[in-house]
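Here is a set of questions about how certain descriptive terms come to be applied to a structure. Each answer sets a value against the criterion behind the term.

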Amino acid sequence: MGENIINRFNVLVKKTYYIYKRFGIESTFVLLYHKEPISVVDLSKFVRLSDHLIEVDENHYFIIFEFTSQENAYKASQNIIHSLDKHFNSCMGCFIAIDSFDVAKSPQNVLNRLKQILIQVRKNPCVRVEVEDILDR
């Protein structure tokens with residue numbers, strides 16, 4: 001990950017924490033993996049306008065579902081996977097990791113946990129969206 005991407009990531013996570021502390025607005029952090037490179041412009045067609053999207057590398061994308069609980073982020077993630085499957089006419093090319101919102105976590109901790117969740121998700125071909133509970137199993 002380039003320094004510019006790390007800086008953008010850190011700023012967005014800190015901004016999300018600030019908004020939560022100031023206004024009590026829920027958000028959820030998501031890391032999406034897609035085996036086919038897809039531009040942020042194309043991927044943005046499948047996320048809501050209120051959400052933030054950053055390309056981490058050509059296969060990983062960080063999404064902040066603003067105004068969204070973890071339960072609703074799970075549903076939104078399933079919708080993204082379904083839409084990408086239809087768009088690429090392929091299934092099993094996309095996986096999503098969801099981590100709970102915790103202002104005590106540093107931005108780097110958020111990214112590390114999402115990567116760990118994603119590793120676990122990719123081990124089970126029957127599951128394509130997973131929350132942090134998988135780390136406790």
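Q: In which helix is the place of N72?
A: In this predicted model, N72 lies in helix α3, which covers residues 70-88.

Q: Why is N72 called partly exposed?
A: The relative accessible area of N72 is 39%. Buried means under 20% and exposed means over 50%, with partly exposed in between, so the 39% of N72 places this residue in the partly exposed class.

Q: What separation is found between the C-alpha atoms of N72 and Y61?
A: These two residues are 11 residues apart along the chain, and their C-alpha atoms are separated by 19 Å.

Q: What makes β2 and β5 the edge strands of the sheet?
A: The open sheet has 5 strands in the order β2-β3-β1-β4-β5, with mixed pairing. Strands β2 (52-55) and β5 (129-131) each pair on one side only, and they are therefore the edge strands. From one strand to the next, the twist averages 20°.

Q: How do you know that β4 and β5 count as paired strands?
A: Two strands pair if at least two bridges are found between them. Strand β4 (residues 94-99) is joined to β5 by 3 bridges, so the criterion is met, and the two strands run parallel. Within this part of the sheet, I98 stands opposite V131 in β5.

Q: Which strands do the helices α3 and α4 touch as they pack on the sheet?
A: Helix α3 touches β1 (27-34), β3 (60-66), β4 and β5, and its direction makes about 170° with that of β4. Helix α4 (residues 107-123) also touches β1, β3, β4 and β5, but its direction makes about 135° with that of β4.

Q: How does the reach of α1 compare with the expected value?
A: Helix α1 (residues 3-23) has 21 residues and reaches 30 Å from its first C-alpha to its last, which is close to the 30 Å expected at 1.5 Å a residue.

Q: Why can the buried residues of α1 be said to line one face of the helix?
A: In α1, the residues F9, L12, V13, T16, Y17 and I19 are buried. Seen down the axis of α1, the buried residues fall within an arc of 160°, and so they line one face. These buried residues pack against β1, β2, β3 and α4, whereas E3, N4, V11, K14, K21 and R22, on the other side of α1, are exposed.

Q: What phi does G24 take, just after α1?
A: Just after α1, G24 takes a positive phi of about 70°.

Terms used: Residues are numbered from 1 along each chain as its sequence is written. This is a predicted model: local features need pLDDT of at least 70, side-chain atom pairs count only at pLDDT 80 or more; totals for chains, interfaces and linings use all residues. Side-chain values use heavy atoms; hydrogens and water are left out. Helices (H or I, at least four residues) and strands (E, at least two) are DSSP runs, numbered from the N terminus. Buried means under 20% relative accessible area, exposed over 50%, partly exposed in between (1.4 Å probe, protein chains only). Axes are lines fitted to C-alpha atoms, for helices over the stretch in contact, and angles run from 0 to 180 degrees between N-to-C directions. Contact means heavy atoms within 4.5 Å. The expected span of a helix is 1.5 Å times one less than its number of residues. The arc is that of the directions from the helix axis to the C-beta atoms.
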